[in-house]
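Biologist: Please take a close look at one strand of this model, and then place it in its wider setting. I should also like to know how far the prediction can be relied upon.

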Amino acid sequence: MKRTCLILAAACLLLGSTACSSKTTETTAAETTVQAEESSGQEEEESTAQDKEGEKEEKETKETSEETTQEETTAKIEKEAVTGRVTKVEKNIITLKGQDELEYRFDIKDADTESDLEIGEGDEIQVVFMNEDEEDTDDAKAIKAESYLIITSMAMVGDMDPVVFGVVQKADAKTITIEAGSGKTYRFSTAIAQIVDGGEGIQVGENAEITYMGGLSDGKALRVVMEKASGDAEATYYSMRGTLVQASDTSVTISTADGTPLTFPLGENVFATDYEVGEALEISYEGSLTNKNAIAIAVDYE
């Protein structure tokens, strides 16, 4: 009997130990699962944070790159100015030898200017342009000029009235229209102009030299010399015709065909008091009517 009890007690002890072991194993497995899930969640959070940080750094890098590119572009494209002498004019394209001894070609078609003169060979000018990346510059391509300033014009050399050359586009008894070397078109009144055409008249398509008073926009021709008549004696001097308004020992005043009064100081050995008011006279002169320093070198009947 006693032995039987001992056997039963041992069996109960064994069953209890097994049950506890099973419970402990279940608890350990559950804890391991929770820990694994927490670890996985933590890794996912860390991975997301790293991704966000990476995206932020990539965005900052891109913005910095864009700013750098913009700064480089701005640095490469900025206004510059070059001063030099014009060596060639081909319609709206001019060739300029700069003070740095380099040669430049500019397109002045859309350039701004405050000058009333046409650009000509020998003129000293300053051109403002956009300096783009030199690597993209084609040497054969003209640089687009933003603006230009004529510092010294050969048309005004010797303190004479300005001169423009061009091809006659239209002509009638009162006006002449030419296309200048720059490609621009100018229309002049010839009401008071000295016409030197060799007796053949002004022909469309022929080259002409026009001396004018004031600016190109004023459109008042003082002398028109056709190329075919450029060797005539009349092309060697300037003259103005009009009716006598007043004469003295020192000056003579005439009224031109368009009613413009012009006064000329008399040069050495030139006299005008022998003429009557209202008579038609022709006055040969030197100097500039634009600058009002023209001097009569001869007075005669028209």
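Modeller: The account below begins with confidence, turns to the strand, and closes with the cores.

The model is predicted, so local features need pLDDT of at least 70 and side-chain atom pairs count only at pLDDT 80 or more, whereas totals for chains, interfaces and linings use all residues. Residues are numbered from 1 along each chain as its sequence is written, and side-chain values use heavy atoms, without hydrogens or water.

The protein chain has a mean pLDDT (the predictor's confidence in each residue, from 0 to 100) of 81, with 71% of its residues at 70 or more. Helices (H or I, at least four residues) and strands (E, at least two) are DSSP runs, numbered from the N terminus. Confidence is lowest in helix α1 (residues 2-76), at a mean of 53, and highest in strand β13 (residues 251-255), at 98. Within residues 18-27 pLDDT is below 50, and this stretch has zero contacts (heavy atoms within 4.5 Å) beyond near neighbours in sequence.

The strand chosen is β6 (residues 163-171), which pairs (at least two DSSP bridges) with β10 (residues 207-213) in the antiparallel sense over five bridges. Here Val 164 faces Ile 210 of β10. β6 also pairs with β7 (residues 175-180), again antiparallel and over five bridges; Ala 171 has Ile 176 as its bridge partner in β7. Three residues separate β6 and β7 in a hairpin.

A nonpolar core is a set of buried Ala, Val, Leu, Ile, Met, Phe, Trp, Tyr and Cys residues joined through side-chain atoms within 4.5 Å; buried means under 20% relative accessible area, exposed over 50%, and partly exposed in between (1.4 Å probe, protein chains only). The largest such core has 31 residues, and Phe 106 and Phe 188 have the most contacts inside it. Apart from it lies another core, of 21 residues, including Met 213 and Val 252.
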